[in-house]
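Q: Please take a close look at one buried position in this model and its surroundings, then work outward to the bound ligands and the covered helices. Keep it plain.

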Amino acid sequence: MDTSTTAPLSDAQVEHFLEKGYVVLERCFDAEQAAPIVDEAWQRLGVDRDDPTTWDRPRVHLSSRAHVDAERFAPTAFHAACQLLGGRERVQTPWEWGDGIIANLGVGADRPFEPPSARVGGWHKDGDFFRHFLDSPEQGLLTIVLWTDVLSRGGGTFVATDSVGVVARFLAERPEGVLPDALQQTRLVEHCRRFEELTGEQGDVVLMHPFMLHATSQNVLRAQRLITNPPLSLREPMDFDRPDAGDFSPVERAVLNGLGVDRLDFRPTAPRETVVPERLRASAGATTR
Ligand SMILES: O=C(O)CCC(=O)C(=O)O
Ligand SMILES: [Fe+2]
């Protein structure tokens with residue numbers, strides 16, 4: 001069977017994901033597809049994209065008002081995401097990409113660029129809307145869609161590429177789960193040693209392990225930097241004890257690798273819980289995460 005459409009990632013790309021927690025898919029959509037969403041974003045931002053002197057806020061997170069179906073809009077990204085999650089039947093579809101653009105228009109542009117490290121602020125694991133367990137289904141993958149080119153020192157999201165094991169060990173020791181605020185207050189990044197800056201071109205999509213710690217970076221170039229981070233959910237919690245080891249998804253395998261075990265009979269000891277995040281309790285406007 002030709003699996004190039006439904007399983008577009010090569011073995012080497014899956015290996016890269018297991019090793020570093022992310023994979024970059026290039027040219028998942030073109031400039032023509034991006035234009036309406038990007039034009040609308042600049043309009044909502046109320047600034048002239050070609051005149052940085054009009055950029056009055058360094059960072060804005062627009063709310064989502066319209067969606068596209070990723071399967072139609074960017075089929076390679078959709079199928080690659082399914083591949084990392086163990087197959088389409090395990091994924092909550094449709095995977096909707098909203099237009100809630102996160103604009104970095106010069107964060108920290110007034111000071112020298114600091115490369116990615118634990119010293120930089122803002123490291124977090126996404127998912128402010130649920131109690132986190134090792135097997136949580138709410139955020140199956142962390143993703144970044146590049147709506148503009150993203151240049152080095154131009155606001156490329158920082159990632160801690162050895163964070164999956166760190167977060168996995170933390171959650172494995174807490175079968176009762178951890179609320180988002182408590183999770184963010186734990187300085188898990190102090191245990192990480194490997195850091196990278198994610199750059200790319202408009203149309204690229206970065207698929208990341210849901211346990212990836214990441215942070216906003218400085219945009220000292222004051223370059224246009226528009227991204228979205230549409231999460232996608234699993235239909236069922238992850239399963240680290242599948243009878244056939246060949247059925248583990250790459251995301252599950254990365255967790256097992258991080259824990260240094262072949263399989264794990266993980267059982268939450270507290271109920272799953274939805275949390276209403278601050279950003280939805282607050283009045284409309286610009287927030288993060
Ligand atoms: O703006 C970025 O580079 C990252 C944004 C982010 O991680 C978030 O909003 O959760
Ligand atoms: Fe984030």
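A: In this predicted model, threonine 161 has a relative accessibility of 4% and counts as buried, because the cut-off for buried is under 20%. The residue sits in the loop that runs between strand E7 (158-160) and helix H5 (163-172). Leaving out residues up to four places away in sequence, threonine 161 touches Glu19, Lys20, Tyr22, Arg194, Phe195, Glu196 and Met212.

Serine 163 lies in helix H5. The relative accessible area of serine 163 is 0%, so this residue is buried. A polar atom of the serine 163 side chain is 2.6 Å from the backbone oxygen of alanine 160. Beyond four places in sequence, serine 163 touches Cys192, Phe211, Met212 and Leu213. Met212 thus appears among the contacts of threonine 161 and among those of serine 163.

Helix H5 is mostly covered, with eight of its 10 residues buried. The buried residues are Ser163, Val164, Gly165, Val166, Val167, Ala168, Phe170 and Leu171. They pack against E7, helix H6 (180-185), strand E10 (213-215) and H7.

Helix H7 (residues 250-259) is also mostly covered: seven of its 10 residues are buried. In H7 the buried residues are Pro250, Val251, Glu252, Ala254, Val255, Leu256 and Gly258. The cover over these residues includes helix H1 (11-20), helix H4 (75-84) and H5. The packing between H5 and H7 therefore shows up from the side of H5, where the buried state rests on a relative accessible area under 20%, and from the side of H7. Just after H7, glycine 260 takes a positive phi of about 70°.

Next, the metal site. The iron ion (ligand 2) has three protein donors, His124 (NE2), Asp126 (OD) and His214 (NE2), at 2.0 to 2.1 Å. Along the chain these donors follow the spacing H-x1-D-x87-H. Histidine 124 has 6% relative accessibility and therefore counts as buried. Aspartate 126, at 6% relative accessibility, counts as buried as well. For reference on metal geometry, ideal angles are 109.5 degrees with four tetrahedral donors, and 90 or 180 degrees with six octahedral ones.

Ligand 1 has 11 residues around it, of which Arg59, His124, Thr157, His214 and Arg225 come nearest. By class, the shell around ligand 1 holds two nonpolar, five polar and four charged residues. His124 and His214 are named in this nearest group and are also donors of the iron ion. Three side chains place polar atoms by oxygen atoms of ligand 1. For arginine 59, an N or O atom of the side chain is 3.0 Å from an oxygen atom of ligand 1. For aspartate 126, a polar side-chain atom lies 3.2 Å from an oxygen atom of ligand 1. For arginine 225, the corresponding distance to an oxygen atom of ligand 1 is 2.7 Å. The protein covers 99% of the 290 Å² of accessible area that ligand 1 has on its own. Aspartate 126 is thus found both as a donor of the iron ion and in a pair with ligand 1.

Glycine 122 is in the loop between strand E5 (102-104) and strand E6 (142-146). With 43% relative accessibility, glycine 122 counts as partly exposed, whereas histidine 124 counts as buried. The C-alpha atom of glycine 122 is separated by 35 Å from that of arginine 242, which is 120 residues away along the chain.

Tryptophan 147 is in the loop between E6 and E7. At 1% relative accessibility, tryptophan 147 counts as buried. Apart from neighbours within four places in sequence, tryptophan 147 is in contact with Phe29, Ala34, Ile37, Val38, Phe73, Trp97, Ile101, Gln202, Leu226, Ile227 and Thr228. One of these, phenylalanine 29, is 118 residues away in sequence, with a C-alpha to C-alpha distance of 9.4 Å. With threonine 228 there is a polar contact between the two side chains, at 2.8 Å.

Methods
Residues are numbered from 1 along each chain as its sequence is written. Chains are lettered from A and ligands numbered from 1 in the order in which they are written. This is a predicted model: local features need pLDDT of at least 70, side-chain atom pairs count only at pLDDT 80 or more; totals for chains, interfaces and linings use all residues. Side-chain values use heavy atoms; hydrogens and water are left out. A residue is near a molecule or strand if one of its heavy atoms lies within 4 Å of it. A polar contact is a pair of N or O atoms within 3.5 Å; within protein, one must be able to donate a hydrogen and the other to accept it, and residues adjacent in sequence count only if both atoms are side-chain atoms. Accessible areas come from the Shrake-Rupley method with a 1.4 Å probe; for residues, only the protein chains shown count as cover. Ala, Val, Leu, Ile, Met, Phe, Trp, Tyr, Cys and Pro count as nonpolar, Asp, Glu, Lys and Arg as charged, and the others, Gly among them, as polar. Donors are N, O and S atoms within 2.8 Å of the metal (3.2 Å for Na, K and Ca); water is not among the atoms, so sites may look incomplete. Buried means under 20% relative accessible area, exposed over 50%, partly exposed in between (1.4 Å probe, protein chains only). Helices (H or I, at least four residues) and strands (E, at least two) are DSSP runs, numbered from the N terminus. Contact means heavy atoms within 4.5 Å.
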